[in-house]
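Visitor: I'm used to gels and assays, not to reading folds. Could you walk me through this one, a feature at a time?

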Amino acid sequence: MVIDTSLATPSSKVQTLQITLHAKAKAEPSYRFYSLWDKIYRADILEVAYKRCRHNNGAHGVDNETFADIETRGIEKWLGKLQQELRDKTYNPKPLRRVWIPKADGKSKRPLSIACIKDRVVQMAMLLVLEPIFEADLLPEQYGFRPNVDAKMAIRRVYYHITQYGRMEIIDTDLKEYFTSIPHGDLLKCISRRVADKQILQLIKRWLIVPIMEESNNGNVIVNTRAKDTHRGLAQGSPISPLLSNCYFRRFILAWRNFGYQRKFDARVVNYADDYVICCSPNKAMSANEAMRRIISRIGLEVNQDKTQVIDLRNKGHFDFLGYSIGSFVNKDGKYYYGTKPSKKSLKKVIQKIHDETSRQWLLSTAEIRVNAINLILRGWCGYFNQGPVVPSYKIIRNYTEKRLRRWLVNKHKIRGTTGYRQFPDEYLYDQLGLYKLAQVRADVPRAKA
């Protein structure tokens, strides 16, 4: 049998299992699942898990094993060996490999912990089994990394709170190192509320405390055991981490409701992963902010004081959330309105990407390859930023892209003393090279979806 790694869609048997688990969890909110371990190492589960990990691609872990290595030796043999390890309970997760990636501000970096492919496949297999169970419990306020919801739905929910319900005061909150601060004990309590299978719980605990290996500037390997020493933290980048983080943040939203703050302040939470805002009725946000801080502290987390703020949209304020600026803006007639638009940070980030793809380091590349790379960036950006008055932002990006691409073509062909507009007009860029056309009027924006 040859495994098709091009698809990440669960087989009918896997889907049947997921539907059954979800239905059981939905019908019985207090039910605990006792026998799940044998589902993790089912051949069809592991096959789908491998396909999804392969689809996501990703770098190697500390063992340096790549997908190409696995496929050279044979996927069926590799999966069969992994299945046997899980069945015999001899599977042991390896340390994580630490890399640093730039944050949206372009100044700081955030850690990314890369697990070995074997560990990613096992985590994905566990995700296939656990996600349907916990999906029954996650709350409507939670939009991050869940089936059938996304970040743009969170943006629309915030917009509706403002425009339809008059919740004009916003608590724009930033949690201090959320993923590395989650207490392991309390997190495992959240999981064990639904899962009673000891083998599942023990493996999750082992994943939580695996060391992180990082290569220093002088080439030495540094072993970080902070998670084990402090009993805190999730590894960002692992397949199971988003589900675990959602399960833990659910505690805050439940407390917000159960303590009566949602009703008292007419305050609604909108959450995506570790980002969240609270939309409050006028004159309620300051008190709601204090209540929020108390709950966050009680569940073992910390609010970033410097980055958390209260915005009153009635005072022509606005805030950034999930790449969008939301709040009070001025239209072309000089009138104020409540709406959304791509944030300045989002514009700056995509412009930097275009700049990088048209730098001198790519002069040996072909124009077709450069345009394909640019088109991937533009399609992805426009596919996400297609809500509200986006045409002005599109114009900025379109003008910058044309300018940068012409400059790259001029440098490549060693043409001096020109901007390249005469040699490389719009017709050449768009009709011949196939540069992606950003919408110039609102009616064309739907076609900008990725």
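Guide: Sure. Keep in mind that this is a predicted model. Let's start with one residue and its surroundings: setting aside residues up to four places away in sequence, S393 touches P342, L347 and W381.

Visitor: Where does S393 sit, and is S393 buried or exposed?

Guide: S393 belongs to helix α17, residues 391-412. Buried means under 20% relative accessible area, so S393, at 8%, counts as buried.

Visitor: Let me try that on R98. Which element holds R98, and what is R98 in contact with?

Guide: R98 lies in strand β1, which covers residues 96-102. Apart from neighbours within four places in sequence, R98 is in contact with P111, L112, S113, I212, M213 and E214. With a relative accessible area of 15%, R98 is buried too.

Visitor: How do I read the sheet that β1 is part of?

Guide: Read the strand order across the sheet, then look at the edges. Here four strands make an open sheet, ordered β2-β1-β4-β5, and the pairing is mixed. The edge strands are β2 (109-114) and β5 (221-224); each has a single partner strand, so one side of each lacks a neighbour in the sheet. From one strand to the next, the twist averages 40 degrees.

Visitor: How many bridges join β4 to β5?

Guide: Four bridges join strand β4 (residues 212-215) to β5, and the two run antiparallel. If you want a spot to click on, E215 stands opposite V221 in β5.

Visitor: What is the strand order in the other open sheet?

Guide: That four-strand open sheet is ordered β6-β7-β3-β8, with antiparallel pairing. At its edges are β6 (268-272) and β8 (309-312), each with a single partner strand, so one side of each is without a neighbour in the sheet. Ignoring direction, neighbouring strands in this sheet are turned by 20 degrees against each other on average.

Visitor: How many bridges pair β6 with β7?

Guide: Five bridges, in the antiparallel sense, with β7 spanning residues 275-280. For example, N271 has Y276 in β7 as its bridge partner.

Visitor: Which helices pack on that sheet?

Guide: One of them is α12, which touches β6 and β7; its direction makes about 175 degrees with that of β6. Helix α14 (residues 285-298) also packs on the sheet, touching β3 (169-174), β7 and β8, and its direction makes about 25 degrees with that of β3.

Visitor: And how do I read one helix against another?

Guide: Look at how closely the axes approach, then at the crossing angle. Take helix α9 (residues 184-192) and helix α12 (residues 241-258): their axes come within 9 Å and cross at roughly 95 degrees. Angles of 65 to 115 degrees count as roughly perpendicular, so that is how α9 and α12 are described.

Visitor: Which residues meet there?

Guide: From α9 you have D186, L187, C190 and I191, and they meet L244, C247, Y248 and R251 in α12. By type, the residues of this contact are six nonpolar, no polar and two charged.

Visitor: Next, the nonpolar core. How many residues does the largest one have?

Guide: The largest nonpolar core has 80 residues, and those with the most contacts inside it are V121, L130, I204, F252, W256 and I278. Helix α6 (residues 117-135) gives the most to this core, with twelve residues. Zoom in on W256: leaving out neighbours within four places in sequence, its contacts include Y261, F265, V269, I278 and M292. There's also a second, separate core of 49 residues, which includes I311, Y394, I397 and L433.

Visitor: Last one: backbone angles. What should I look for?

Guide: Start from the rule of thumb: most residues other than glycine have a negative phi. Then look for exceptions. N148 is not a glycine, yet has a positive phi of about 70 degrees. L322 is another non-glycine with a positive phi, about 55 degrees in this case.

Visitor: Where are N148 and L322, and are they buried or exposed?

Guide: N148 is in the loop between α6 and α7 (151-163), and at 75% relative accessibility N148 counts as exposed. L322 is in the loop between β9 (318-321) and β10 (324-330); at 17% relative accessibility, L322 counts as buried.

Key:
Residues are numbered from 1 along each chain as its sequence is written. This is a predicted model: local features need pLDDT of at least 70, side-chain atom pairs count only at pLDDT 80 or more; totals for chains, interfaces and linings use all residues. Side-chain values use heavy atoms; hydrogens and water are left out. Axes are lines fitted to C-alpha atoms, for helices over the stretch in contact, and angles run from 0 to 180 degrees between N-to-C directions. Angles under 35 degrees count as roughly parallel, over 145 as roughly antiparallel, 65 to 115 as roughly perpendicular and the rest as oblique. Contact means heavy atoms within 4.5 Å. Ala, Val, Leu, Ile, Met, Phe, Trp, Tyr, Cys and Pro count as nonpolar, Asp, Glu, Lys and Arg as charged, and the others, Gly among them, as polar. Two strands pair if DSSP finds at least two bridges between them. A nonpolar core is a set of buried Ala, Val, Leu, Ile, Met, Phe, Trp, Tyr and Cys residues joined through side-chain atoms within 4.5 Å. Buried means under 20% relative accessible area, exposed over 50%, partly exposed in between (1.4 Å probe, protein chains only).
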